[in-house]
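Visitor: I am new to this structure and should be grateful for a close look at a single part of it. Would you kindly take one chain, describe how it is put together, and then follow it to its partner?

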Amino acid sequence: MEAISRRELLKRAAVLAVGTPLLLNRPVTAWANEKEAASKVVLIRNQQLFAGGDTPDPVICEQMLDEALCTLTGKKEAAEAWASIIQPSDIVGIKTNAWKSLPTPPELNEILKARVLSAGVKEDNVSIDDRGVKTNPVFQKSTALINIRPMRTHAWSGVGTLLKNYITFAEKLSDYHDDSCAPLATLHQLPMVKGKTRLYVLVLFTPQFHHLAASTFSEEFTWKYNGLLIGFDPVAIDSVGLRIIEAKRREYFKEDRPLNPPAKHIALADTRYHLGTSDPSKIELVKLGWDTDTYV
Amino acid sequence: MTYLRVRIIKSRIFVCLNEEWQNNLYSKTMRNVLISVFIALSACPSVFIHAQKIDLMDQLPEQYQSYKATDWLDYTGEALYDYINGGAELYLSYGLAGMTGCKYNGEGLPQVTVEVYEMTSPKNAFGVYTQSRDREEYAYGQGSQSYDDFILFWKDRYFVTITTHKATPESREALKYLASLIEKAIPAKGEIPALVKELPTEGLTPGGYLYFHHYIWLNAYLFIADYNIVDISDQTDAILAKYGDADARCYLLLVAYPTDEAAQTAGEKLKKQFAPELTPANPIIQLEDTTWFTLRVKANKLCAVFNGHTRQQVENLYQSIYK
């Protein structure tokens with residue numbers, strides 16, 4: 001991908017007669033490749049998710065996952081939908097995220113495991129892991145992966161994404177840090193990962209839209225969005241998630257507050273590494289459930 | 001294979017010897033070797049720095065009310081990746097000497113974590129702080145940010161964060177106690193970079209500027225370029241600042257280079273790639289989005305104003321630097 005400046009974007013925007021604020025807030029969309037088919041992403045939200053307290057209602061979590069997967073796969077029944085992505089002979093690694101302040105909700109990990117088991121996979125052939133994936137025997141011999149993590153802002157990559165969630169498969173983490181984590185999409189080329197992912201789930205139950213310093217966390221900078229984004233294209237899902245985070249930042253700060261640094265790894269996953277699409281016009285976003293303040 | 005490892009924790013020196021060394025520990029030769037090692041270590045500047053850092057750790061209590069220190073943290077350089085992965089790049093981009101700290105746990109209490117980032121200079125600790133603030137606050141150190149679930153501050157060459165998983169009355173008290181304790185344990189104050197003093201104060205958004213040495217931070221307030229368009233490096237001091245109200249905001253980029261020639265080169269690069277139509281007779285131009293832009297180099301400094309809402313706003317801001 002060519003290097004790009006604000007001025008170059010302004011000139012292109014003038015030629016294309018596209019609204020410049022939109023373009024400049026999302027340089028990701030300025031030079032996306034043409035794709036033959038739109039990437040389908042399902043956003044599902046439920047207003048009652050936290051009605052019972054601080055933790056998500058597991059029954060609602062289950063309903064959300066099943067309904068979203070049915071919509072994604074075009075199947076009528078949940079069992080049929082799960083069977084279409086997981087075979088009984090599969091060895092399945094559920095790549096979760098264990099960051100102490102905002103981990104993947106354990107309820108979702110357990111539901112995914114239960115669904116994989118109900119698809120006929122043997123118990124010994126399913127594992128949930130994050131930092132131990134490289135030495136986890138199930139992940140080492142896995143035939144299928146499910147990538148699930150919460151979305152949050154990040155001090156170096158702009159946002160923590162599905163693309164970034166595979167970094168624990170890397171031999172040397174810092175190999176993927178250059179230029180604010182620009183090469184994160186190449187994690188999908190690692191032998192333990194390549195071609196194995198059957199489902200991506202970006203959790204936006206309580207996304208973190210802002211942070212100060214690298215390892216601080218404050219509930220002040222999260223909100224109950226009560227959503228899940230699921231699909232087969234991690235770039236498309238991360239791209240939609242990014243738009244939600246950016247919109248929330250505009251609302252909270254009452255002005256444009258770009259992520260610092262920008263989340264360029266999502267755009268580059270499309271334009272440089274061709275892993276998926278980041279261009280909203282080429283993403284088929286299906287929205288289900290609670291529709292207040294959806295932001296996309 | 002023989003090895004010897006020396007660690008200093010809480011003022012106590014721990015020497016780890018492998019079996020081969022231990023078998024020979026009582027020989028005169030081994031004793032002499034150990035004595036020589038300690039003499040050499042105490043004369044080494046890096047060990048002196050490390051010892052100072054550990055002295056700060058000495059101030060951290062083993063216990064505070066029902067909290068007990070359970071894990072002592074000690075990371076240097078890229079080892080910090082093991083602790084916070086990519087987040088380490090923020091500190092590394094400013095020059096990190098090391099990070100020490102401690103995790104506190106107590107039965108039924110949310111964990112509290114202290115992280116003390118020792119930067120290579122006070123200006124770098126200040127730089128990290130400018131990345132980490134939303135508002136002006138001076139409750140701790142030379143600038144701080146306090147929330148229910150974390151406190152951060154900078155003082156001298158240290159940037160300190162104290163965080164908790166969950167804000168409760170107990171954890172909030174622990175945050176405040178530890179912040180005060182560490183602040184007092186750092187005796188000196190650090191100098192704020194001289195370039196900061198050149199920022200015009202009129203119209204400056206409170207807490208609205210960043211000090212940095214890495215081009216990644218160039219896009220902190222608005223997208224300027226996804227590459228190093230003004231040759232920012234460890235040898236340069238750069239500031240990006242916000243001026244005006246949110247609905248009429250413009251951005252000042254001020255960079256000090258080690259030489260006048262370096263500033264000239266960077267200025268020509270920015271002009272060529274960003275605004276080739278700039279001329280001495282026409283130093284302020286209107287861009288495609290109707291905002292105004294200027295770029296000027298004077299001695300070793302480059303000054304650019306982005307996103308001006310009027311030509312006059314840009315000119316006034318520029319003139320206020322060189323008045």
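Guide: Helices and strands are here runs assigned by DSSP, with at least four residues for a helix (H or I) and at least two for a strand (E), and they are numbered from the N terminus. With that convention, a residue can be placed in a loop between two numbered elements: P261(A), for example, is found in the loop between α9 (234-253) and α10 (264-271) of chain A. The peptide bond that leads from N260(A) into P261(A) is cis, its omega lying near -5°. The model is a predicted one. The part chosen for the close look is chain B, beginning with its sheets.

One sheet of chain B is open and has 7 strands, in the order β3-β4-β5-β6-β9-β8-β7, with antiparallel pairing. Its edge strands are β3 (63-64) and β7 (144-146) of chain B, each of which pairs on one side only. Within this sheet, β4 (residues 67-75) and β5 (residues 96-106) of chain B run antiparallel and are joined by 7 bridges. One position can be followed across that pair: D71(B) has K103(B), in β5(B), as its bridge partner. A helix also meets the sheet. Helix α6 (residues 122-131) of chain B lies across β6 (109-119), β7, β8 (150-155) and β9 (158-164) of chain B, and runs at about 150° to β8(B).

Helix α6(B) leads on to another sheet, for α6(B) also lies across β10 and β11 (237-243) of chain B, where it runs at about 130° to β10(B). The sheet that holds these strands is open and antiparallel, with 6 strands of chain B in the order β10-β11-β12-β15-β14-β13. Here β10 (204-212) and β13 of chain B stand at the edges with a single partner strand each, so one side of each has no neighbour in the sheet. From one strand to the next, the twist averages 15°. Strands β12 (residues 250-256) and β15 (residues 301-308) of chain B run antiparallel and are joined by 6 bridges. In that pairing L253(B) stands opposite A304(B) of β15(B). Helix α8(B) packs on this sheet, touching β14 and β15 of chain B, and its direction makes about 160° with that of β14(B).

We may now follow chain B to its partner. The contact takes 56 residues from chain B and 47 residues from chain A. Together the two chains bury about 4000 Å² between them, and 55% of this is on carbon and sulfur atoms. On the side of chain B, the residues that lose the most area to chain A are F223(B), D226(B) and E288(B), which together account for 17% of what that side buries.

Polar pairs also cross the contact: the interface of chain B and chain A holds 17 residue pairs in polar contact, both residues being at pLDDT 80 or more. The elements giving two or more residues to the side of chain B that touches chain A are α4 (81-84), α5 (88-92), β6, β8, β9 and α8 (260-274) of chain B. By type, the residues of that side divide into 28 nonpolar, 15 polar and 13 charged.

Salt bridges number 24 over all chains of the structure, and 5 are found across the interface of chain B and chain A. In one of them, E277(B) meets R7(A), with the closest N and O atoms 2.5 Å apart. The side chains of E288(B) and R7(A) also form a salt bridge, at 2.9 Å from N to O. Since E288(B) lies in the loop between β13 (284-286) and β14 (292-298) of chain B, and R7(A) in helix α1 (residues 6-16) of chain A, this pair joins two chains.

Terms used. Residues are numbered from 1 along each chain as its sequence is written. Chains are lettered from A and ligands numbered from 1 in the order in which they are written. This is a predicted model: local features need pLDDT of at least 70, side-chain atom pairs count only at pLDDT 80 or more; totals for chains, interfaces and linings use all residues. Side-chain values use heavy atoms; hydrogens and water are left out. Two strands pair if DSSP finds at least two bridges between them. Contact means heavy atoms within 4.5 Å. Axes are lines fitted to C-alpha atoms, for helices over the stretch in contact, and angles run from 0 to 180 degrees between N-to-C directions. Buried area is the accessible area (1.4 Å probe) that two parts lose on being put together, summed over both. A salt bridge is a side-chain nitrogen of Lys or Arg within 4 Å of a carboxyl oxygen of Asp or Glu. A polar contact is a pair of N or O atoms within 3.5 Å; within protein, one must be able to donate a hydrogen and the other to accept it, and residues adjacent in sequence count only if both atoms are side-chain atoms. Ala, Val, Leu, Ile, Met, Phe, Trp, Tyr, Cys and Pro count as nonpolar, Asp, Glu, Lys and Arg as charged, and the others, Gly among them, as polar.
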